[in-house]
Amino acid sequence: MAQVTVTIDGKAYRMACEEGQEDHLSELAARFDRYVGHLRGQFGEIGDLRLTVMAGIMVMDELSEVDRRLNTLEAEVESLKTSRETQVSDQMRNEEAVAAALGEVTAQIHAVVARLNGRPTSAN
């Protein structure tokens with residue numbers, strides 16, 4: 001396990017993480033520290049624990065909003081997939097109908113040609 005020292009609200013904390021995740025953990029800590037700093041700027045000295053809890057709640061609120069947006073986007077993607085499948089199915093049916101109509105027209109043309117070929121010409 002790798003070790004990283006992060007700073008939250010001016011205090012250093014030694015944290016363990018998986019190898020290769022050190023930069024990611026440092027960035028997460030820096031983002032959380034910005035939440036804490038923002039709250040400290042708004043509310044002043046309200047106690048470290050309360051400040052940390054408030055920052056945690058802010059992070060969870062943001063995460064909740066991201067989850068909501070993700071769920072909305074996933075529902076839209078599902079709807080688009082369903083719509084696409086319906087359109088592809090409709091297109092296939094239309095192509096089959098056009099092919100059938102062309103087949104009928106072709107048969108009618110062949111019938112007309114056969115009748116024309118079977119008739120004596122008017123010059124004889």
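User: Which residues are linked in a network of salt bridges?

Analyst: In this predicted model, the network joins Asp-9, Lys-11, Arg-40, Glu-45 and Asp-48. Across the structure there are nine salt bridges.

User: What makes the contact of Asp-9 with Arg-40 a salt bridge?

Analyst: The closest N and O atoms of Asp-9 and Arg-40 are 2.3 Å apart. The cut-off is 4 Å between a side-chain nitrogen of Lys or Arg and a carboxyl oxygen of Asp or Glu, so the pair qualifies. As background, side chains of opposite charge can pair when their charged atoms come close.

User: Where do Asp-9 and Arg-40 sit in the chain?

Analyst: Asp-9 is in the loop between β1 (2-8) and β2 (11-17), while Arg-40 belongs to helix α1 (residues 22-43). The two are 31 residues apart, and their pairing links distant parts of the chain.

User: How do you know whether Arg-40 is buried or exposed?

Analyst: Arg-40 has 16% relative accessibility. Buried means under 20%, so Arg-40 counts as buried. Its partner Asp-9, at 22%, counts as partly exposed.

User: And why is the contact of Arg-40 with Glu-45 called a salt bridge?

Analyst: Here the closest N and O atoms are 2.9 Å apart, and the limit is 4 Å, so this pair meets the definition too. Glu-45 has a relative accessible area of 67%. Exposed means over 50%, so Glu-45 is exposed.

User: What is the phi of Asp-9?

Analyst: Good one to check in the viewer! Asp-9 has a positive phi of about 55 degrees, although it is not a glycine. For context, most residues other than glycine have a negative phi.

User: What makes the contact of Glu-62 with Arg-31 a salt bridge?

Analyst: The closest N and O atoms of Glu-62 and Arg-31 are 3.9 Å apart. Salt bridges need these atoms within 4 Å, so the pair is included. Glu-62 lies in helix α2 and Arg-31 in helix α1, so the pair ties together parts that are 31 residues apart in sequence.

User: Why do Glu-62 and Arg-31 count as partly exposed?

Analyst: Glu-62 has 37% relative accessibility and Arg-31 has 40%. Partly exposed covers the range between buried, under 20%, and exposed, over 50%, so both residues belong there.

User: Which residues make up the largest nonpolar core?

Analyst: It has twelve residues: Ala-2, Val-4, Val-6, Ile-8, Cys-17, Leu-25, Ala-29, Tyr-35, Val-36, Leu-39, Leu-51 and Ala-55. β1, α1 and α2 each supply at least two of them. Helix α1 gives the most, with five residues.

User: What makes this set a core?

Analyst: A nonpolar core needs buried nonpolar residues joined through side-chain atoms within 4.5 Å, so these twelve residues form one. Looking at one member, Cys-17 touches Met-1, Ala-2, Val-4, Glu-22 and Leu-25, not counting residues up to four places away in sequence.

User: Which residues form a nonpolar patch on the surface?

Analyst: Leu-49, Val-53 and Ile-57 do, with about 320 Å² of accessible area together. Patch residues need over 30% relative accessible area. Ile-57, in helix α2 (residues 48-118), has 55% relative accessibility. That is over 30%, so Ile-57 meets the patch cut-off, and 55% is also over the 50% needed to count as exposed.

User: Why does Leu-80 count as exposed?

Analyst: Leu-80, found in helix α2, has 60% relative accessibility, and the cut-off is over 50%, so Leu-80 counts as exposed. The C-alpha atoms of Leu-80 and Leu-28 are separated by 34 Å, with these positions 52 residues apart along the chain.

User: How does the radius of gyration of the chain compare with that of a compact globule?

Analyst: The chain has 36 Å, whereas a compact globule of 124 residues would have a value near 14 Å. The C-alpha atoms fill a box of roughly 115 × 35 × 20 Å along the principal axes. Of the 124 residues, 10% count as buried.

User: What pattern does the chain follow along the sequence?

Analyst: It reads β-β-α-α, made from two helices and two strands.

How values were computed: Residues numbered from 1 in each chain as written. Predicted model: local features only at pLDDT ≥ 70, side-chain atom pairs only at ≥ 80, totals over all residues. Heavy atoms only, no water. Patch = residues over 30% accessible without salt bridge, like charges linked within 9 Å, V, L, I, M, F, W, Y side chains within 5 Å. Areas by Shrake-Rupley, 256 points an atom, 1.4 Å probe, with all protein chains shown as cover. Helix = DSSP H or I, 4+ residues; strand = E, 2+ residues; numbered from the N terminus. Buried < 20%, exposed > 50% of the residue type's maximum accessible area, 1.4 Å probe, protein only. Rg over C-alpha atoms; globule rule 2.2 N^0.38 Å. Contact = heavy atoms within 4.5 Å.
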